[in-house]
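Student: Please give me a close look at one strand of this chain and at the part of the fold around it. I would like one connected account, with each term explained where it comes up.

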Amino acid sequence: MSIFGTVKVKNGQYRIKGDFHHVTPNTPIRNEDDGWKLMGVTNPRSMTYMHSYGGEAPFFESMSQGKILGTRCDDPDCRFKGTSYIPFRIHCPDCLTRNTIVDFTDICKNTAKVHTFMVCERSGAFNTLEKPIKFINVEFDGIDTILMSYLSIGEPKIGMRVVPIFRTVNPTYTITDLSWVKEGVPEEDLPEGFTYG
Ligand SMILES: [Zn+2]
(Lines give C-alpha, C1' and ligand atoms only; values in the text may rest on other atoms or scores of the structure.)
Protein backbone atom coordinates (compact mmCIF):
# COMPACT_ATOMS: atom_id res chain seq x y z
CA MET A 1 0.00 0.00 0.00
CA SER A 2 1.31 3.45 -0.82
CA ILE A 3 1.65 6.22 1.72
CA PHE A 4 -1.44 7.74 3.25
CA GLY A 5 -2.35 11.22 2.20
CA THR A 6 -1.10 14.23 4.16
CA VAL A 7 -2.41 17.78 4.13
CA LYS A 8 -1.09 21.23 4.91
CA VAL A 9 -2.55 24.66 4.45
CA LYS A 10 -0.61 27.30 2.55
CA ASN A 11 -1.85 30.63 1.22
CA GLY A 12 -5.31 29.81 2.56
CA GLN A 13 -5.63 26.58 0.60
CA TYR A 14 -5.49 22.91 1.44
CA ARG A 15 -2.42 21.33 -0.18
CA ILE A 16 -2.77 17.57 -0.35
CA LYS A 17 -0.05 15.01 -1.02
CA GLY A 18 -0.20 11.24 -1.42
CA ASP A 19 -3.12 8.88 -1.87
CA PHE A 20 -6.41 9.47 -0.12
CA HIS A 21 -8.13 6.26 -1.01
CA HIS A 22 -6.98 2.74 -1.68
CA VAL A 23 -9.03 0.15 -3.52
CA THR A 24 -8.07 -3.39 -2.54
CA PRO A 25 -9.29 -6.34 -4.66
CA ASN A 26 -12.57 -7.80 -3.43
CA THR A 27 -13.25 -11.44 -2.65
CA PRO A 28 -16.37 -13.56 -3.23
CA ILE A 29 -18.59 -14.60 -0.31
CA ARG A 30 -19.68 -18.19 -0.95
CA ASN A 31 -22.00 -20.59 0.86
CA GLU A 32 -20.08 -23.66 2.00
CA ASP A 33 -23.32 -25.54 2.79
CA ASP A 34 -24.83 -25.01 -0.65
CA GLY A 35 -22.27 -25.96 -3.29
CA TRP A 36 -20.20 -22.81 -2.72
CA LYS A 37 -22.86 -20.69 -4.40
CA LEU A 38 -22.01 -17.03 -4.74
CA MET A 39 -23.69 -14.94 -2.02
CA GLY A 40 -21.92 -11.59 -2.44
CA VAL A 41 -18.53 -9.90 -2.28
CA THR A 42 -16.36 -8.16 0.30
CA ASN A 43 -15.37 -4.59 -0.49
CA PRO A 44 -12.12 -3.79 1.34
CA ARG A 45 -11.51 -0.03 1.34
CA SER A 46 -9.22 2.29 3.20
CA MET A 47 -9.44 6.02 2.97
CA THR A 48 -8.00 9.14 4.53
CA TYR A 49 -10.61 11.52 5.80
CA MET A 50 -9.78 15.23 6.17
CA HIS A 51 -11.36 16.48 9.37
CA SER A 52 -11.16 20.26 9.79
CA TYR A 53 -11.32 21.47 13.41
CA GLY A 54 -12.20 25.03 12.42
CA GLY A 55 -12.56 27.26 15.48
CA GLU A 56 -11.99 24.31 17.85
CA ALA A 57 -8.40 23.81 16.68
CA PRO A 58 -6.87 25.67 19.69
CA PHE A 59 -8.51 23.12 22.02
CA PHE A 60 -6.93 20.14 20.25
CA GLU A 61 -3.53 21.88 20.13
CA SER A 62 -3.70 22.73 23.84
CA MET A 63 -4.08 19.11 25.01
CA SER A 64 -0.80 18.20 23.28
CA GLN A 65 0.83 20.95 25.40
CA GLY A 66 -0.69 19.73 28.67
CA LYS A 67 -3.41 22.38 28.79
CA ILE A 68 -7.20 22.42 28.72
CA LEU A 69 -8.73 25.39 26.96
CA GLY A 70 -12.40 26.18 27.37
CA THR A 71 -14.48 29.18 26.45
CA ARG A 72 -16.63 31.81 28.17
CA CYS A 73 -19.29 34.24 27.02
CA ASP A 74 -18.09 37.78 27.77
CA ASP A 75 -20.86 39.58 25.90
CA PRO A 76 -22.13 42.32 28.28
CA ASP A 77 -25.58 42.15 26.67
CA CYS A 78 -25.93 38.39 27.13
CA ARG A 79 -28.31 37.21 29.85
CA PHE A 80 -25.89 34.37 30.50
CA LYS A 81 -22.65 36.38 30.41
CA GLY A 82 -19.86 34.57 32.24
CA THR A 83 -21.11 31.09 31.38
CA SER A 84 -18.02 28.90 30.96
CA TYR A 85 -17.74 25.87 28.70
CA ILE A 86 -15.68 22.71 28.78
CA PRO A 87 -15.90 21.14 26.24
CA PHE A 88 -14.92 24.07 24.11
CA ARG A 89 -17.82 25.91 22.47
CA ILE A 90 -16.89 28.42 19.80
CA HIS A 91 -20.05 30.50 20.16
CA CYS A 92 -22.38 31.24 23.07
CA PRO A 93 -25.53 29.15 22.55
CA ASP A 94 -27.62 31.91 24.16
CA CYS A 95 -26.48 35.12 22.39
CA LEU A 96 -24.51 33.54 19.52
CA THR A 97 -21.52 35.88 19.91
CA ARG A 98 -18.05 34.38 19.71
CA ASN A 99 -16.85 33.17 23.09
CA THR A 100 -13.52 34.11 24.69
CA ILE A 101 -10.94 31.30 24.87
CA VAL A 102 -9.83 30.71 28.48
CA ASP A 103 -7.09 28.47 29.89
CA PHE A 104 -8.94 26.36 32.49
CA THR A 105 -6.06 23.95 33.17
CA ASP A 106 -5.66 24.92 36.84
CA ILE A 107 -9.40 24.63 37.55
CA CYS A 108 -9.36 21.19 35.91
CA LYS A 109 -6.33 20.03 37.91
CA ASN A 110 -7.67 21.29 41.22
CA THR A 111 -11.41 20.71 41.12
CA ALA A 112 -12.28 17.88 38.69
CA LYS A 113 -14.72 15.28 40.04
CA VAL A 114 -16.55 12.34 38.51
CA HIS A 115 -20.15 13.43 37.97
CA THR A 116 -21.16 10.01 36.70
CA PHE A 117 -19.61 7.16 34.75
CA MET A 118 -20.19 4.17 32.50
CA VAL A 119 -17.97 1.13 31.95
CA CYS A 120 -18.08 -0.38 28.44
CA GLU A 121 -16.78 -3.84 27.62
CA ARG A 122 -17.20 -3.36 23.87
CA SER A 123 -16.54 -0.42 21.59
CA GLY A 124 -17.31 0.74 18.07
CA ALA A 125 -15.18 0.37 14.94
CA PHE A 126 -11.79 2.10 15.02
CA ASN A 127 -11.97 2.75 18.75
CA THR A 128 -8.41 2.60 20.06
CA LEU A 129 -9.07 2.82 23.81
CA GLU A 130 -8.17 -0.09 26.04
CA LYS A 131 -11.19 -2.12 27.15
CA PRO A 132 -13.09 -2.04 29.39
CA ILE A 133 -13.41 1.68 28.72
CA LYS A 134 -14.22 3.66 31.85
CA PHE A 135 -16.10 6.63 30.44
CA ILE A 136 -16.46 9.43 32.97
CA ASN A 137 -18.42 12.64 32.96
CA VAL A 138 -16.23 15.21 34.65
CA GLU A 139 -17.50 18.27 36.52
CA PHE A 140 -15.47 21.34 37.51
CA ASP A 141 -15.99 24.22 39.93
CA GLY A 142 -17.17 27.32 38.10
CA ILE A 143 -17.70 25.56 34.78
CA ASP A 144 -21.27 25.22 33.56
CA THR A 145 -20.89 22.11 31.43
CA ILE A 146 -19.72 18.56 32.01
CA LEU A 147 -16.95 16.94 29.99
CA MET A 148 -17.16 13.40 28.63
CA SER A 149 -13.78 11.67 28.87
CA TYR A 150 -12.22 8.44 30.12
CA LEU A 151 -10.45 7.27 33.23
CA SER A 152 -7.08 5.55 32.65
CA ILE A 153 -6.16 4.60 36.23
CA GLY A 154 -8.55 3.95 39.12
CA GLU A 155 -12.07 2.62 39.53
CA PRO A 156 -14.67 5.30 38.83
CA LYS A 157 -17.00 6.41 41.61
CA ILE A 158 -19.45 9.30 41.71
CA GLY A 159 -17.80 12.30 43.42
CA MET A 160 -14.26 10.91 43.08
CA ARG A 161 -11.50 13.49 42.56
CA VAL A 162 -9.65 12.98 39.29
CA VAL A 163 -6.63 14.64 37.69
CA PRO A 164 -6.06 15.26 33.96
CA ILE A 165 -3.26 13.58 32.04
CA PHE A 166 -2.16 14.48 28.53
CA ARG A 167 -0.65 12.58 25.62
CA THR A 168 2.25 15.01 25.19
CA VAL A 169 4.49 12.38 23.57
CA ASN A 170 3.37 11.71 19.97
CA PRO A 171 -0.02 13.40 20.44
CA THR A 172 -2.86 12.37 18.13
CA TYR A 173 -4.53 15.82 18.27
CA THR A 174 -7.83 14.08 19.05
CA ILE A 175 -9.93 13.99 22.22
CA THR A 176 -8.16 10.80 23.35
CA ASP A 177 -5.04 12.91 24.08
CA LEU A 178 -6.86 13.92 27.28
CA SER A 179 -7.55 11.33 29.97
CA TRP A 180 -7.89 11.23 33.76
CA VAL A 181 -6.49 9.28 36.69
CA LYS A 182 -7.33 9.03 40.38
CA GLU A 183 -5.36 11.40 42.63
CA GLY A 184 -1.84 10.49 43.68
CA VAL A 185 -0.62 8.32 40.78
CA PRO A 186 3.16 8.80 40.26
CA GLU A 187 3.94 10.25 36.80
CA GLU A 188 6.03 7.19 35.87
CA ASP A 189 2.94 4.95 36.29
CA LEU A 190 0.88 6.87 33.71
CA PRO A 191 0.02 5.15 30.39
CA GLU A 192 2.71 5.31 27.72
CA GLY A 193 3.03 8.75 26.15
CA PHE A 194 1.02 10.49 28.89
CA THR A 195 2.28 13.08 31.38
CA TYR A 196 0.70 15.46 33.86
CA GLY A 197 1.55 18.24 31.38
ZN1 LIG B 1 -23.77 34.82 25.51
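**Strand S13 and its surroundings**

Tutor: Strand S13 and strand S15, the latter made of residues 194-195, pair in the antiparallel sense over 2 bridges. Strands here are DSSP runs of E with at least two residues, helices are runs of H or I with at least four, and both are numbered from the N terminus; two strands pair if DSSP finds at least two bridges between them. The model is predicted, so local features need pLDDT of at least 70 and side-chain atom pairs count only at pLDDT 80 or more, while totals for chains, interfaces and linings use all residues. Residues are numbered from 1 along each chain as its sequence is written.

Within the pairing with S15, Arg-167 has Phe-194 as its bridge partner. S13 also pairs with strand S14 (residues 178-182), again in the antiparallel sense, over 5 bridges, and there Phe-166 stands opposite Leu-178. As background, the strands of a sheet pair through backbone hydrogen bonds, either parallel or antiparallel.

These pairings belong to an open sheet of 6 strands with mixed pairing, in the order S10-S11-S12-S14-S13-S15. Strand S10 (113-120) and S15 stand at its edges with a single partner strand each, so one side of each is left without a neighbour in the sheet.

S13 itself covers residues 162-167, and 5 of its 6 residues are buried, where buried means that 20 or more other C-beta atoms, placed from the backbone, lie within 10 Å of the residue's own (12 or fewer is exposed, and in between is partly exposed). Over the chain of 197 residues, 19% count as buried.

Val-162, in S13, is among the residues with the most contacts inside the largest nonpolar core, which has 24 residues; Ile-136, Val-138 and Trp-180 are also in that group. Such a core is a set of buried Ala, Val, Leu, Ile, Met, Phe, Trp, Tyr and Cys residues joined through C-beta atoms within 7 Å. Two or more residues of this core come from each of helix H1 (57-64), strand S11 (133-139), strand S12 (147-153), S13 and S14. In general, nonpolar side chains tend to be buried together in soluble globular proteins.

Leaving aside neighbours within four places in sequence, Val-162 is in contact with residues including Ala-112, Val-114, Ile-136, Val-138, Leu-151, Trp-180 and Val-181, a contact being two C-beta atoms, placed from the backbone, within 7 Å. In the chain, residues 24 or more positions apart account for 48% of the contacts with a separation of 6 or more.

To set the strand in its wider frame, the secondary structure of the chain comes to 2 helices and 15 strands. The radius of gyration of the chain is 22 Å, well over the 16 Å that the globule rule gives for 197 residues, so the chain is more spread out than a compact globule; the radius is taken over C-alpha atoms, and the rule is 2.2 Å times the number of residues to the power 0.38. Along its principal axes, the C-alpha trace spans about 70 × 45 × 35 Å.
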